[in-house]
Amino acid sequence: MNTLNLLLSRLRLKQLQLVTALDQHKSLHKAAAVLSITQSAASKALHELEVMFEAPLFERSASGMIPNACGQRVIEYARLLTTDLALLCDDMADIRAGRTGRLAIGAIMGAIPTYVIPALDALHAQMPAVTVEIVEDTSARMLAQLDDGRLDLVIGRSAVSAHPTRYRYLKLADEPLSVVAGYDHSTKTQGELCMRDLAQYRWVTYPSKMPLRDLLERELDLAGIDKPVDTVSTASTFVTVALLNQGRDLVSLLPTDIAQLFERHKMLRILPVALRSPSQPFGIVTRRSSVLSPAAERLIELLRQSAR
């Protein structure tokens, strides 16, 4: 509490700008020039920060000033505070212009058709002036944007983070998966198929360390098939669909809701393969330290209603 009171009474935004500039330029002289202050003023500001935190923040090395563990954490929160202040400025501009704010959300592709789109339609009916930005990416990359304050919430998986306790997580649903191919794929579909029936085909896979990549490798292992070595790896739904339509020897895994959407438009075909691994859950992820806007809180409630 003493440290918090000290920060509230003595911390200056210029000090936060200094540590982020030092992280970028590795030089006190260059960081001072970027902030249009003298090097002695920069040195004094850094010293004041280190006194407040009772710890050194940077180590001097042949490659310049490098943040230590304490410095890295201060830089992380300095960037987060700067982003939050920028969002505050945007919100104030929206209020002055008669708008009711903006909402930036991230979503894994499997959540978009069934959960995100209906919830956004309902949100627009209730708060028509809200500007919405949607990012579709992997959970890991979206959590990084959530940490930086660029996203208000993520519909995905917090478990992929190295620090899942940083987040509030509310489960929405499980994500069933389907094996898919291009609509004109040569695979015969009379009756059920098993993974071994696809042994001669190439896979469009997710990048390594992603949950769906791990699930595919587990399914292949259960079927007694070696991990494929001639794969095409992408996290993009569009690239996956384009590849499957162009390559008659390609198959992939997609969330069932996405697969059914493309099948209705005759762009993909769902193959009758029963997967043995359980579906993976996803949910609403927010920063524990964040204060949610009214639009974000309303969207979360609409998503929860959809899940119920």
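**Notebook: arginine 213, the cores and a ring pair**

I began with arginine 213, which lies in helix α8 (residues 211–222); helices (H or I, at least four residues) and strands (E, at least two) are DSSP runs numbered from the N terminus. The model is predicted: local features need pLDDT of at least 70, side-chain atom pairs count only at pLDDT 80 or more, and totals for chains, interfaces and linings use all residues. Residues are numbered from 1 along each chain as its sequence is written, and side-chain values use heavy atoms, without hydrogens and water.

I looked up whether arginine 213 is buried or exposed. Arginine 213 has a relative accessible area of 16%, so it counts as buried (under 20%; exposed is over 50%, partly exposed in between, with a 1.4 Å probe and protein chains only).

I then listed its polar contacts (N or O atoms within 3.5 Å, one able to donate a hydrogen and the other to accept it; residues adjacent in sequence count only if both atoms are side-chain atoms). The arginine 213 side chain reaches that of threonine 205 at 3.3 Å and that of glutamate 217 at 2.9 Å.

Next I checked aromatic pairs (ring centres within 6.5 Å; planes under 30 degrees apart are stacked, over 60 edge-to-face, the rest tilted). I found one. Tyrosine 115 and phenylalanine 282 are edge-to-face, with 5.7 Å between centres and 80° between planes. Tyrosine 115 is in helix α6 and phenylalanine 282 in strand β12, 167 residues apart. Both are buried.

Last, I noted the largest nonpolar core (buried Ala, Val, Leu, Ile, Met, Phe, Trp, Tyr and Cys joined through side-chain atoms within 4.5 Å). It has 33 residues, and Phe282 is among those touching the most other members.

Technical notes:
Phe/Tyr/Trp six-rings, centres within 6.5 Å; stacked < 30°, edge-to-face > 60°.
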